[in-house]
Amino acid sequence: MTRIRFFLFIIAILAPSLAAAQQSMKFEEAAAMLAASCGKDIDDNCRGVNLDATRLKECLGRNQDVVSAKCKADYPQAFGAIQQRITARTSLVKLCNWELKHLCGEVRQDPVKGLQCLLESTKKATPNCNKAISAAGYR
């Protein structure tokens with residue numbers, strides 16, 4: 001297994017596999033699409049590139065003239081889905097700040113326990129917080 005495919009495999013394994021938000025591609029689906037469509041292109045053209053989504057996207061963009069048509073068609077969607085989830089997870093604390101402060105007390109300082117508290121408090125949470133939890137792919 002090449003380093004790139006190992007990286008994509010790790011993304012798929014580490015990403016939470018909870019239910020998908022509406023119309024959003026899960027991390028593991030995006031990584032699987034990227035591996036299936038671009039694995040060989042990444043192996044052939046992006047060796048030595050740091051294994052993060054931004055640098056892989058830049059590498060594939062730089063090599064568009066030699067990248068397969070399937071990869072060219074699929075990688076923007078896969079990286080877009082990955083970025084959408086990252087953005088949703090980044091903004092989750094901001095959008096659920098009230099819930100963390102009023103419903104989760106001291107556990108809010110621990111990211112894992114805070115997230116668990118949010119998931120258990122969805123009936124008391126605001127609609128915006130519930131939307132943010134879904135968009136982040138945590139349920």
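## A walk through the helices and the largest pocket

Begin by selecting helix H4 (69-95), helix H5 (97-103) and helix H6 (111-120), each of which supplies at least two residues to the lining of the largest pocket. Please keep in mind throughout the tour that what you have open in the viewer is a predicted model.

**The pocket**

With those helices highlighted, look for the largest pocket, whose volume is about 230 Å³. Its lining is made up of 13 residues, and to find the middle of the pocket you can select Val-93, Leu-100, Arg-108, Pro-111 and Leu-115, which lie nearest its centre. Which helix gives the largest share of the lining? That share comes from H6, which contributes four residues. If you colour the lining by residue class, you should find seven nonpolar residues, two polar ones and four that are charged.

**The whole chain**

Now zoom out and show the chain as a cartoon, where you can count seven helices and zero strands. Following the sequence from one end to the other, the pattern reads α-α-α-α-α-α-α. Of the 139 residues in the chain, 39% count as buried.

**Along helix H4**

Return to H4, which has 27 residues and reaches 39 Å from its first C-alpha to its last, close to the 39 Å expected at 1.5 Å a residue. Where along H4 should you look for a bend? Centre the view on Tyr-75, where the helix bends by about 30°, and notice that a proline, Pro-76, follows within four residues.

Keep Tyr-75 selected and add Phe-79, since the two residues both lie in H4, four residues apart, or about one turn of the helix. A search of the whole structure finds one aromatic pair, and Tyr-75 and Phe-79 are the residues that form it, in an edge-to-face arrangement with 6.0 Å from centre to centre and 75° between the planes. Are these two rings on buried or exposed residues? Tyr-75 has a relative accessibility of 5%, which is under the 20% cut-off, and therefore it counts as buried. Phe-79, at 4% relative accessibility, counts as buried as well. You can extend the selection to other buried residues of H4, including Cys-71, Asp-74, Ala-78, Ile-82, Arg-85 and Leu-92.

For a contrast, select Ala-69, which is also found in helix H4. Its relative accessible area is 62%, which is over 50%, so Ala-69 is exposed. Another residue to pick in helix H4 is Lys-94, which counts as exposed because its relative accessibility is 72%.

**Helix H2 and its bend**

Draw a distance between the C-alpha atoms of Ala-69 and Ser-37, and the viewer should show 9.0 Å, although the two residues are 32 apart in sequence. Ser-37 is one of the buried residues of H2, and this helix, covering residues 27-45, is the next stop. H2 has 19 residues, but its end C-alpha atoms are only 23 Å apart, short of the 27 Å that a straight helix would reach at 1.5 Å a residue. What residue marks the bend in H2? Select Cys-38, where H2 bends by about 70°. Cys-38 is itself among the buried residues of H2, and the same list includes Phe-27, Met-33, Leu-34, Gly-39 and Ile-42.

**Towards the end of the chain**

From Lys-94, draw a distance to Cys-129, and you will find that their C-alpha atoms are separated by 9.0 Å, while the residues stand 35 apart along the chain. Then move to Ser-134, which is found in helix H7 (residues 127-135). Its relative accessibility of 21% falls between the cut-offs of 20% and 50%, so Ser-134 counts as partly exposed. The C-alpha atoms of Ser-134 and Leu-92 are separated by 9.8 Å, with their positions 42 residues apart in the count along the chain.

For the last stop, select Ser-121, which has its place in the loop between H6 and H7. Is this loop residue buried or exposed? At 13% relative accessibility, which is under 20%, Ser-121 counts as buried. Add Glu-99 to the selection to see a residue that is 22 residues from Ser-121 in sequence and 8.0 Å from it in space, C-alpha to C-alpha.

Notes:
Residues numbered from 1 in each chain as written. Predicted model: local features only at pLDDT ≥ 70, side-chain atom pairs only at ≥ 80, totals over all residues. Heavy atoms only, no water. 1 Å grid on protein atoms, 1.4 Å probe; cavity = no way out; pocket = protein on both sides within 12 Å on 5 of 7 lines; lining within 4 Å. Points joined across faces, edges and corners; volume = space filled by probe spheres on them. Nonpolar A, V, L, I, M, F, W, Y, C, P; charged D, E, K, R; others polar. Phe/Tyr/Trp six-rings, centres within 6.5 Å; stacked < 30°, edge-to-face > 60°. Buried < 20%, exposed > 50% of the residue type's maximum accessible area, 1.4 Å probe, protein only. Expected span 1.5 Å × (residues − 1). Bend = angle between axes of the 7 residues up to and from the residue.
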